[in-house]
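Please open the model in your viewer and keep the selection tool at hand. The stops below can be followed in order, each one beginning with something to select.

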Amino acid sequence: FFERVRGNITHLRVLAEAMSTLDLVVSFAELALEPKGEGYTCPDVEEGGPLLIVEGKHPLLAGESAEPNSTFLSRDRPLELVSGPNMAGKSTYSRQVALVAILAHAGSFVPAKYARVPLLAQVLTRSTVTRDSGSIEDNLSSFYAEMQDIARVTRALGTCPGASLVVVDEIGRSTSEADGEAIAWSVAEHLLSSAGAFTVFITHYDLLGRLPEKYPGCLHRAFSSASGSKHQLTEAGSGPDQGLSEKQYGIDLAEGIGYPEEVVAEARELSRAASLAKARPPQAPRDPGFRLKAQARDHLEVLSLLFAKGLLSEGALRAELLGIQQQLQRLTAATATATTQCTRS
């Protein structure tokens with residue numbers, strides 16, 4: 001029997017590949033035949049343009065009551081900085097974006113209300129959890145493995161002319177805070193300057209909260225507190241007074257797990273002291289209204305895409321446009337008032 005199997009091993013391999021391909025295609029077909037309300041939709045995969053996911057979910061959570069989150073990355077806004085408490089879903093969200101893009105390219109329906117995905121040449125990640133504890137076999141520390149991942153990502157961006165999706169799930173955690181923040185900031189700057197790179201960048205570092213103030217192409221979004229069962233991703237503040245470490249999320253988690261009360265109390269006191277020690281005096285932003293202008297531009301592009309696909313009624317579009325107009329009018333009035341006061345003084 002074994003001799004007969006050995007003699008037909010090539011045929012068995014072809015049969016196994018055919019069966020796996022058939023299984024994949026049938027799975028895609030089942031998703032396509034599910035009712036529209038079940039959470040999967042046919043994505044638009046087009047050459048160029050923005051990446052838009054409306055109310056997307058991780059494929060493993062598509063059938064559950066998990067909170068959906070939307071994503072918008074474009075040429076003018078290519079990097080999304082994501083912060084928030086531990087266990088809020090930052091890593092799940094970043095993988096969700098990558099998996100929706102991969103499923104769309106594979107020809108599958110995706111777990112979202114609507115998805116528009118540009119043709120991508122590659123999907124690059126720094127989120128290999130299995131290597132975060134280092135590698136004894138390769139004689140690599142966790143930090144070295146982390147840096148290897150980022151070096152691979154940057155090299156790939158430098159040699160690929162097409163669009164790329166980059167997911168960075170924290171870097172610089174396994175070294176000193178000063179070095180870690182410096183590396184994370186520099187990598188984020190490099191990704192912002194890389195043509196064709198759409199990036200989801202997760203961090204806990206306080207310094208990176210200032211990144212959108214310097215680079216309008218960076219949008220800072222944050223998950224809500226871990227006190228609830230659902231975590232909504234919303235736009236966070238930016239600028240010199242918008243760090244990421246004001247809330248003691250890590251200590252809250254330690255308290256919830258059951259750390260001794262005296263340990264938690266001492267940790268909170270030390271955390272507050274450290275935050276005060278590194279606090280910097282606030283500085284005036286270059287243009288107080290640039291975030292609102294960038295947000296309005298993004299909003300208009302999203303509305304245009306949704307209206308073209310029939311996912312937004314004419315009445316709803318008018319209401320959204322009126323809201324944008326009123327926001328910009330208030331901004332113009334506030335700017336004029338500030339200019340007048342400055343001239344008089």
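Begin with the whole protein chain coloured by secondary structure, in which 10 helices and 12 strands can be found; please bear in mind throughout that this is a predicted model. Of the 345 residues of the chain, 38% count as buried, and its accessible surface comes to about 19500 Å², with 57% of that area belonging to carbon and sulfur atoms. If you consider the contacts in the chain with a separation of 6 or more, 72% of them are between residues 24 or more positions apart.

**First stop: the sheet of 6 strands**

Select strands 8, 9, 10, 5, 11 and 12, which form an open sheet in the order 8-9-10-5-11-12, with mixed pairing. Strand 8 (122-126) and strand 12 stand at the edges and have a single partner strand each, so one side of each is left without a neighbour in the sheet. Looking across the sheet, you will find neighbouring strands turned by 20° against each other on average, direction ignored.

Now add helix 3, which packs on this sheet and touches strand 5, strand 8, strand 9, strand 10, strand 11 and strand 12, while its direction makes about 160° with that of strand 9. Helix 4 (residues 142-159) also packs on the sheet, where it touches strand 8, strand 9 and strand 10, and its direction makes about 160° with that of strand 8.

**Second stop: strand 11**

Hide the helices for a moment and select strand 11 alone: is it enclosed by the rest of the structure or left open? Residues count as buried when their relative accessible area is under 20%, and 6 of the 6 residues of strand 11 are buried, so this strand is largely enclosed by the rest of the structure. Both of its faces are covered, with Cys218, His220 and Ala222 buried on one side and Leu219, Arg221 and Phe223 buried on the other.

Next, show the partners of strand 11 on either hand. Strand 5 (residues 79-83) pairs with strand 11 in the parallel sense over 5 bridges; among the bridge partners to pick out, glutamate 80 is matched with leucine 219, and valine 82 is matched with arginine 221. Strand 12 (residues 233-235) is joined to strand 11 by 3 bridges and runs antiparallel to it, and here arginine 221 has glutamate 235 as its bridge partner.

**Third stop: an aromatic pair**

Bring helix 3 back and look for aromatic rings, since a search of the whole structure finds 1 aromatic pair. Select tyrosine 93 and phenylalanine 223, whose ring centres are 6.2 Å apart and whose planes stand at 75°, so the pair is edge-to-face. The pair links distant parts of the chain, with tyrosine 93 in helix 3 (residues 90-106) and phenylalanine 223 in strand 11 (residues 218-223), 130 residues apart. Tyrosine 93 counts as buried at 1% relative accessibility, and phenylalanine 223 counts as buried at 5%.

**Fourth stop: the nonpolar cores**

Show the side chains of Leu51, Val82, Tyr93, Val97, Val110 and Leu165, which touch the most other members of the largest nonpolar core, a set of 24 residues. Two or more residues of this core come from each of strand 3, helix 3, strand 7, strand 9 (164-169) and strand 10 (197-202), and the largest share, 7 residues, comes from helix 3. A second, separate core has 23 residues, including Leu79, Leu157, Ala188 and Leu192.

Centre the view on leucine 51, which, leaving aside its neighbours within four places in sequence, is in contact with Thr71, Phe72, Leu73, Val97, Arg116, Pro118, Leu165 and Phe198.

**Last stop: the sheet of 4 strands**

Finally, select strands 2, 7, 3 and 4, which form an open sheet in the order 2-7-3-4 with mixed pairing. Its edge strands are strand 2 (44-46) and strand 4, each pairing on one side only, and the twist averages 15° from one strand to the next.

Within this sheet, strand 3 pairs with strand 7 (residues 114-118) in the antiparallel sense over 3 bridges, where valine 54 has tyrosine 114 as its bridge partner. Strand 3 (residues 51-56) is also joined by 4 bridges to strand 4, and these two run antiparallel; the bridge partner of isoleucine 53 in strand 4 is threonine 71. End on strand 4 (residues 69-73), where 4 of the 5 residues are buried, so this strand is largely enclosed by the rest of the structure.

Note on methods
Residues are numbered from 1 along each chain as its sequence is written. This is a predicted model: local features need pLDDT of at least 70, side-chain atom pairs count only at pLDDT 80 or more; totals for chains, interfaces and linings use all residues. Side-chain values use heavy atoms; hydrogens and water are left out. Buried means under 20% relative accessible area, exposed over 50%, partly exposed in between (1.4 Å probe, protein chains only). Two strands pair if DSSP finds at least two bridges between them. Axes are lines fitted to C-alpha atoms, for helices over the stretch in contact, and angles run from 0 to 180 degrees between N-to-C directions. Rings of Phe, Tyr and Trp (its six-membered ring) pair if their centres lie within 6.5 Å; planes under 30 degrees apart count as stacked, over 60 as edge-to-face and the rest as tilted. A nonpolar core is a set of buried Ala, Val, Leu, Ile, Met, Phe, Trp, Tyr and Cys residues joined through side-chain atoms within 4.5 Å. Contact means heavy atoms within 4.5 Å. Accessible areas come from the Shrake-Rupley method with a 1.4 Å probe; for residues, only the protein chains shown count as cover.
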